[in-house]
Amino acid sequence: MQMNREEGIFWDLIAKKSADRNPLLDAFQRYKKEEFKRLIYKWIGETNNLKILKTDLFEEGLDSDYILFDIFKQDTIFGMDISTAVTEKADTRSRIFKEDLHCSVGDVIRLPYKDSSFEIGRAHV
């Protein structure tokens, strides 16, 4: 798999510098989480036993909000990120919080999954 290595390195550095928390950022994240949940329920309703793909793991690895886990509690979640450091942090945090997240390093341009593997995909653009 050919990845844009410069992008991966950039996000690796962000992951390593993200230890400090900002209270204003935390407040914004709570608002973002509630808005996102509202939109997901409006667009697709309740989910149950679906396979979900999230093509970045920044929130799960580095942020204090766990949008993915709050919304898709009864589903199987796969997460992918271009950054090895972000992916490792997301994997570690998902185990700490006993969330079932299948993490992998990858590039959204060349997904490491077969076509039609997921019912829902979530990505930042």
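Start by selecting Leu-111: with a relative accessible area of 41%, this residue is partly exposed. You are looking at a predicted model, so keep that in mind as you click around. Leu-111 sits in the loop between β3 (101–105) and β4 (120–122). Now add Val-108 and Ile-109 to the selection and switch on the surface. Together with Leu-111 they make a nonpolar surface patch, with about 290 Å² of accessible area between them.

Keep the view here and pick up the charged pair Asp-107 and Arg-110. Their side chains form a salt bridge, with the closest N and O atoms 3.3 Å apart. Are the two ends buried or exposed? Asp-107 counts as buried at 7% relative accessibility, while Arg-110 is partly exposed at 36%.

**The aromatic corner**

Next, show Phe and Tyr side chains as sticks. How many aromatic pairs are there? The count comes to three. Zoom in on Phe-78 and Phe-118, an edge-to-face pair with 5.2 Å centre to centre and 70 degrees between the planes. This pair links distant parts of the chain: Phe-78 belongs to strand β2 (residues 76–81), Phe-118 to the loop between β3 and β4, and they are 40 residues apart. Phe-78 counts as buried, at 17% relative accessibility.

From Phe-118, hop to Tyr-113. These two rings are also edge-to-face, 5.0 Å centre to centre with 90 degrees between the planes. Tyr-113 is partly exposed, with a relative accessible area of 21%; that puts Tyr-113 just outside the buried class because buried means under 20%. Select Phe-78, Tyr-113 and Phe-118 in one go and you have a single aromatic cluster.

One more thing to show here is Lys-51. Which ring does Lys-51 lie over? Its partner is Phe-118: Lys-51 lies over the face of that ring, at 5.7 Å from the ring centre.

**Into the strands**

Lys-51 is a handy way into the sheet, since strand β1 covers residues 51–54. β1 pairs with β2 in the parallel sense, over four bridges. To see one contact, select Ile-52 and its bridge partner in β2, Ile-77. Then move across to β3: five bridges join β2 to β3, and these two strands run parallel as well. Gly-79 and Cys-103 are bridge partners here, the latter in β3.

Now colour β2 by accessibility. Why call this strand largely enclosed by the rest of the structure? Because five of the six residues of β2 are buried.

**Two backbone oddities**

If you have a Ramachandran panel, find Asn-49. Its phi is positive, about 60 degrees, although Asn-49 is not a glycine. In the viewer, Asn-49 lies in the loop between α2 (23–44) and β1, and it counts as exposed at 62% relative accessibility.

Ser-116 is another one to click. Its phi is near 65 degrees, again a positive value in a residue other than glycine. Ser-116 is in the loop between β3 and β4, where it is exposed, with a relative accessible area of 77%.

**Charges on the helices**

Switch to Lys, Arg, Asp and Glu side chains. A search of the whole structure finds seven salt bridges. On helix α2, select Arg-38 and Glu-35, which meet in a salt bridge at 2.9 Å, N to O. The two are three residues apart in α2, so about one helical turn separates them. Arg-38 is partly exposed at 43%, and Glu-35 is partly exposed too, at 27%.

Then slide over to helix α5 (residues 84–96), where Arg-95 and Asp-91 lie four residues apart, about one turn of the helix. Their side chains meet in a salt bridge, 2.8 Å from N to O. Arg-95 is exposed, with a relative accessible area of 54%; Asp-91 is partly exposed at 25%.

For a charged group with more members, select Lys-54, Asp-56, Glu-59 and Glu-60, which are linked in a network of salt bridges.

**Zoom out**

Finish with the cartoon view of the chain. You should see five helices and four strands, following the pattern α-α-β-α-α-β-α-β-β along the sequence. Colour everything by burial, and buried residues make up 39% of the 125 residues in the chain.

Note on methods: Residues are numbered from 1 along each chain as its sequence is written. This is a predicted model: local features need pLDDT of at least 70, side-chain atom pairs count only at pLDDT 80 or more; totals for chains, interfaces and linings use all residues. Side-chain values use heavy atoms; hydrogens and water are left out. Patches are made of residues with over 30% relative accessible area and no salt bridge: like charges are joined within 9 Å, nonpolar side chains (Val, Leu, Ile, Met, Phe, Trp, Tyr) within 5 Å. Accessible areas come from the Shrake-Rupley method with a 1.4 Å probe; for residues, only the protein chains shown count as cover. A salt bridge is a side-chain nitrogen of Lys or Arg within 4 Å of a carboxyl oxygen of Asp or Glu. Buried means under 20% relative accessible area, exposed over 50%, partly exposed in between (1.4 Å probe, protein chains only). Rings of Phe, Tyr and Trp (its six-membered ring) pair if their centres lie within 6.5 Å; planes under 30 degrees apart count as stacked, over 60 as edge-to-face and the rest as tilted. A charge sits over a ring if NZ of Lys or CZ of Arg is within 6 Å of the ring centre and within 35 degrees of the ring normal. Two strands pair if DSSP finds at least two bridges between them.
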